[in-house]
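Please look at the sequence and the model below, which is a predicted one. The paragraphs that follow lead from the overall fold to a few local features.

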Amino acid sequence: MLAQLLYQYQDQPGGLLPLLHAVQADFGYIPADAVPPIARAMQLSAAEVEGVISFYHDFRRQPAGRHTLHICRAESCQAAGGEALVAHLQARLGIEPGQSSADGELTVESVYCLGNCACSPALRIGDATHARVDIARLDALLDSLLESAS
Ligand code: FES
């Protein structure tokens, strides 16, 4: 599977980003052991590939949890208290954006605008966007997610 993707993108100018997206689409994340062969195929160093992966927030280094919570960290949501929600997620779940809970139930990802700036701060769980979220609302959303998991 990886070999096929490497073959498909290795001669494509600017092929690294589409290759990384294709790897993530296939595996659900970018496995650490995929980086060296990706680097060789694209004639880059592993550090250069790692740099690109860490620069783009879309790339995951671990498999996603059963649910994904996208928290908006763009300007409007930041100004309306979005970072307090991030801190609360970290305190309650012990994970930060880009990580998944140990039980595999929840992945938290940063997102930079959900198109809902007038109702900041906003977050999305699955396909549902939630607006004007405060800590009590975030807790209620997490409770209902975690209840549905048990
Ligand atoms: S800045 Fe958060 S929805 Fe636009």
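Read from the N terminus onward, the protein chain follows the order α-α-α-α-β-α-α-β-β-β-β-α, a pattern that comprises seven helices and five strands. Taken along the principal axes, the box filled by the C-alpha atoms is roughly 50 × 35 × 25 Å. Of the 150 residues in the protein chain, 39% are buried, while the area that the protein chain exposes comes to about 8100 Å², with carbon and sulfur atoms supplying 52% of it. As for how the sequence folds back on itself, among the contacts between residues at least 6 apart in sequence, 60% join residues at least 24 apart.

A local feature to examine next is the set of aromatic rings. A pair of aromatic rings is described by the distance of the centres and the angle of the planes. The structure holds two aromatic pairs, and in one of these Phe55 and Tyr56 are arranged edge-to-face, at 5.0 Å centre to centre and with 85 degrees between the planes. The other pair joins Tyr56 and Phe59, whose ring centres are 6.2 Å apart and whose planes meet at 80 degrees, so that this pair is edge-to-face as well; the angle qualifies because planes over 60 degrees apart are counted in that way. Together, Phe55, Tyr56 and Phe59 form one aromatic cluster.

How buried or exposed are the members of this cluster, Phe55, Tyr56 and Phe59? Phe55 has a relative accessible area of 58% and is therefore exposed, since the cut-off for that class is over 50%. Tyr56, at 35%, is partly exposed, whereas Phe59, with a relative accessible area of 7%, is buried, because buried means under 20%.

Two of these rings return in the description of the largest pocket, which has a volume of about 230 Å³. Its lining is made up of 13 residues, and the closest to the pocket centre are Tyr56, His57, Phe59, Pro97 and Gly98. The elements that give two or more residues to this lining are α4 (46-55) and β3 (106-111). Sorted by class, the lining has five nonpolar, four polar and four charged residues.

The backbone deserves a separate look in the loops. Between β3 and β4 (123-125) lies the loop that holds Pro121, and the peptide bond leading from Ser120 to Pro121 is cis, with omega near -5 degrees. β3 thus appears both as a contributor to the pocket lining and as one boundary of the loop with Pro121.

Which residues other than glycine have a positive phi, among them Gln43 and Arg132, and where do they lie? For Gln43, phi is near 55 degrees, and the residue is placed in the loop between α3 (35-42) and α4; its relative accessibility is 74%, so Gln43 counts as exposed. For Arg132, phi is near 45 degrees, and this residue belongs to the loop between β5 (128-130) and α7 (135-149); its relative accessibility is 56%, so Arg132 counts as exposed.

Terms used: Residues are numbered from 1 along each chain as its sequence is written. This is a predicted model: local features need pLDDT of at least 70, side-chain atom pairs count only at pLDDT 80 or more; totals for chains, interfaces and linings use all residues. Side-chain values use heavy atoms; hydrogens and water are left out. Rings of Phe, Tyr and Trp (its six-membered ring) pair if their centres lie within 6.5 Å; planes under 30 degrees apart count as stacked, over 60 as edge-to-face and the rest as tilted. Buried means under 20% relative accessible area, exposed over 50%, partly exposed in between (1.4 Å probe, protein chains only). On a 1 Å grid over the protein atoms alone, a cavity is a set of points where a 1.4 Å probe fits but cannot get out, and a pocket is an open set with protein on both sides within 12 Å along at least five of seven lines; lining residues have an atom within 4 Å of a point. Grid points are joined across faces, edges and corners, and a volume is the space filled by probe spheres set on the points. Helices (H or I, at least four residues) and strands (E, at least two) are DSSP runs, numbered from the N terminus. Ala, Val, Leu, Ile, Met, Phe, Trp, Tyr, Cys and Pro count as nonpolar, Asp, Glu, Lys and Arg as charged, and the others, Gly among them, as polar. Contact means heavy atoms within 4.5 Å. Accessible areas come from the Shrake-Rupley method with a 1.4 Å probe; for residues, only the protein chains shown count as cover.
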